[in-house]
Amino acid sequence: MRFDPWEHAAELARRLDDNAADTRLVVALGAAWCHKCHDLRPVFDTFAAQAPETDLLLWLDIDEHASFIGDYFPDDLPEVLIYRQGRLLGRDTLTATEACLADTLAARSRLTLPDTNPAIWQRLAAKDWAAEEK
């Protein structure tokens with residue numbers, strides 16, 4: 001399923017709360033003006049549709065979801081952040097290829113820790129965050 005933080009806030013919070021021990025949250029940060037992002041978005045959406053129940057794949061546009069992402073800005077786009085149990089495991093900057101995304105999701109690529117944790121898991125897991133935005 002393709003999730004949007006505005007439309008699926010309650011479902012995301014429930015899934016992160018109910019299955020937090022098993023759930024892996026994969027957040028892709030991209031932008032409409034980014035050519036690599038434009039090429040990778042359909043591939044990411046396909047992976048999201050085929051992901052196991054324990055994986056939540058979420059695409060965030062850094063412009064459209066700026067108030068949600070906060071002050072964090074990726075070094076390069078598209079960037080993937082991977083969380084498990086609320087902890088940021090690492091990030092990876094992607095090329096616009098299916099193989100690069102597959103390697104990152106399988107943790108075959110080298111994940112690095114960002115200087116800042118944008119706390120996206122924590123924000124999504126808060127049951128009332130969407131109501132606060134309105």
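Which residue just after α4 takes a positive phi? That residue is Ala 107, with a phi of about 60°. Helices (H or I, at least four residues) and strands (E, at least two) are DSSP runs, numbered from the N terminus.

A word on the model: it is predicted, so local features need pLDDT of at least 70 and side-chain atom pairs pLDDT 80 or more, while totals for chains, interfaces and linings use all residues. Residues are numbered from 1 along each chain as its sequence is written, and side-chain values use heavy atoms, leaving out hydrogens and water.

Let us stay with α4. Its buried residues (under 20% relative accessible area, 1.4 Å probe, protein chains only) are Cys 100, Leu 101, Thr 104 and Leu 105. Seen down the helix axis, these fall within an arc of 130°, taken from the directions from axis to C-beta atoms, so they line one face of α4. Their cover includes β1, α2, β2, β3 and β4 (87-93).

Now to the core. The largest nonpolar core (buried Ala, Val, Leu, Ile, Met, Phe, Trp, Tyr and Cys joined through side-chain atoms within 4.5 Å) has 36 residues, and Leu 29 is among those with the most contacts inside it. Elements giving two or more residues to this core include those below.

| Element | Residues |
|---|---|
| α1 | 9-18 |
| β1 | 24-30 |
| α2 | 35-50 |
| β2 | 55-61 |
| α4 | 98-105 |

Leu 29 touches (heavy atoms within 4.5 Å) Leu 60, Leu 81 and Ile 120, among others, not counting residues up to four places away in sequence.

Methods. Buried means under 20% relative accessible area, exposed over 50%, partly exposed in between (1.4 Å probe, protein chains only).
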